[in-house]
Amino acid sequence: MNLTELNKVAQAMVTPGKGILAADESSGTIKKRFDAIGVESTEDNRRDYREMLFRAKDAMSQHISGVILYDETIWQTARDGTPLVKLIEESGAIPGIKVDEGTQALPMCPGELVTVGLDKLAERLKKYYERGARFAKWRAVIDIGSGTDGRGIPSMTAISVNAHALARYATLCQAAQIVPIVEPEVLMDGDHDIDRCYDVTQRVLNKTFQELRVQRVALEGMVLKPNMAVSGKKCGKQASVAEVAEKTVRLLKACVPAAVPGIAFLSGGQSDEEATAHLDAMNRLGPLPWRLTFSYGRALQAAPQKAWSGKAENVAAGQRAFAHRARMNALASRGEWDSGLEKKAA
């Protein structure tokens, strides 16, 4: 492991004014997104859609530091035969790869999940590195709920098992000279309030960093991708932007060592503008020990997907929509966003 090189990549991933495009939707997820815009989810359509994003020169070169790819995408070539990985590299962004293989039911913990994919991961990482991937992503899913057996969710079992897997993944990545994005996501589904989200996320982050240390992960060579402290979607009282920002920053200061180069938030089901507003408000609370930026999927892609709608004549419109969302979040990553900029674009 060359920690200097890993740190260089991690720092580049959280470059001020840039963030990460999460284009790693599984086949099932992208099918749902395509169904919503009336586009058939074929391999060619998926390729065309992602090629549209990666060829959006202004967005990619100015506002995107890296792109998380799905296994299918990292091996695909553009219509002209150029590997999609090369399009990303030519824009100045870093190619990355989602390496977890989804979730399975966690035995003895009704309603809870564990992320799988550690088997043969070392061999897969070598192939991804050869293809150009310089970072990877693994997502652990932690739900908040009452539980089907009368006990509260999440259990300490689910938190521990998922934290252990995240750390195993991270150490395998660093051994393969790949920067791990460590993504413990506390879901915002449910009717819990922001304080319940705060408490659960604190437990999850503390356990995750405990496991990272036990398994000798070099914190300088990783990026954290957490949820924000937010109210559950079904909660009657939704926390304000200011409260989300204050509580999320307080939580991170309590749990995340300063050695971590940066934190790239997931949007987790927030609307486009909510995700941007929350990131902006947090960056206005600086100075902070790490860089705060975005690693958004839906919050960067919903607008371009709708504008594109599977039609070749709409590629330019899709790229404009993508460039706008990328620019808004880039401004938010510096604490320079204003809601008025959204209206000007509209």
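Two strands pair if DSSP finds at least two bridges between them. In this predicted model, strand S2 (residues 64–69) and strand S3 (residues 94–98) are joined by 4 bridges. The two strands run parallel. One link in this pairing runs from Ile68 to its partner in S3, Gly96.

S2 pairs with another strand as well. Strand S1 (residues 19–23) is joined to S2 by 5 bridges, and these strands run parallel. Here Ile68 serves as the bridge partner of Ala22. Follow Ile68, then, to step from S1 into S3: Ala22 pairs with Ile68, and Ile68 pairs with Gly96. S2 itself is mostly covered, with 6 of its 6 residues buried.

Now look at one residue in S1. Leu21 is found in this strand. Its relative accessible area is 0%, so Leu21 is buried, the cut-off being under 20%. What does Leu21 touch, beyond residues up to four places away in sequence? Within S2, Leu21 touches Ile64, Gly66, Val67 and Ile68. Its other contacts are Leu53, Phe54, Tyr296, Leu300, Gln301 and Phe322. Pro95 lies 74 residues from Leu21 in sequence, and their C-alpha atoms are 10.0 Å apart.

On the S3 side, take Ile97, which is found in that strand. Ile97 counts as buried because its relative accessibility is 0%. Residues up to four places away in sequence are again left out of its contacts. Ile97 touches Ile68 and Leu69, along with Tyr70, Asp71 and Ile74. A further group of contacts holds Tyr128, Ala133, Phe135, Ala136 and Lys137. For one of these, Ala133, the C-alpha separation from Ile97 is 6.3 Å, across 36 residues of chain. Ile68 thus turns up in both contact sets: it touches Leu21 and it touches Ile97.

Next, turn to a pair of helices. Helix H9 (residues 194–214) and helix H10 (residues 241–255) have axes that come within 10 Å and cross at roughly 25°. That angle makes H9 roughly parallel to H10, because angles under 35 degrees count as such. The crossing is right-handed.

Which residues of H9 and H10 meet? H9 contributes Ile194, Asp195, Tyr198, Thr201, Gln202, Leu205, Asn206 and Phe209. H10 contributes Glu243, Val244, Lys247, Arg250, Leu251, Leu252, Ala254 and Cys255. The residues of this contact divide into 9 nonpolar, 3 polar and 4 charged.

Methods
Residues are numbered from 1 along each chain as its sequence is written. This is a predicted model: local features need pLDDT of at least 70, side-chain atom pairs count only at pLDDT 80 or more; totals for chains, interfaces and linings use all residues. Side-chain values use heavy atoms; hydrogens and water are left out. Axes are lines fitted to C-alpha atoms, for helices over the stretch in contact, and angles run from 0 to 180 degrees between N-to-C directions. Angles under 35 degrees count as roughly parallel, over 145 as roughly antiparallel, 65 to 115 as roughly perpendicular and the rest as oblique. A crossing is left-handed if the near helix is turned anticlockwise from the far one by less than a right angle, and right-handed if clockwise. Contact means heavy atoms within 4.5 Å. Ala, Val, Leu, Ile, Met, Phe, Trp, Tyr, Cys and Pro count as nonpolar, Asp, Glu, Lys and Arg as charged, and the others, Gly among them, as polar. Buried means under 20% relative accessible area, exposed over 50%, partly exposed in between (1.4 Å probe, protein chains only).
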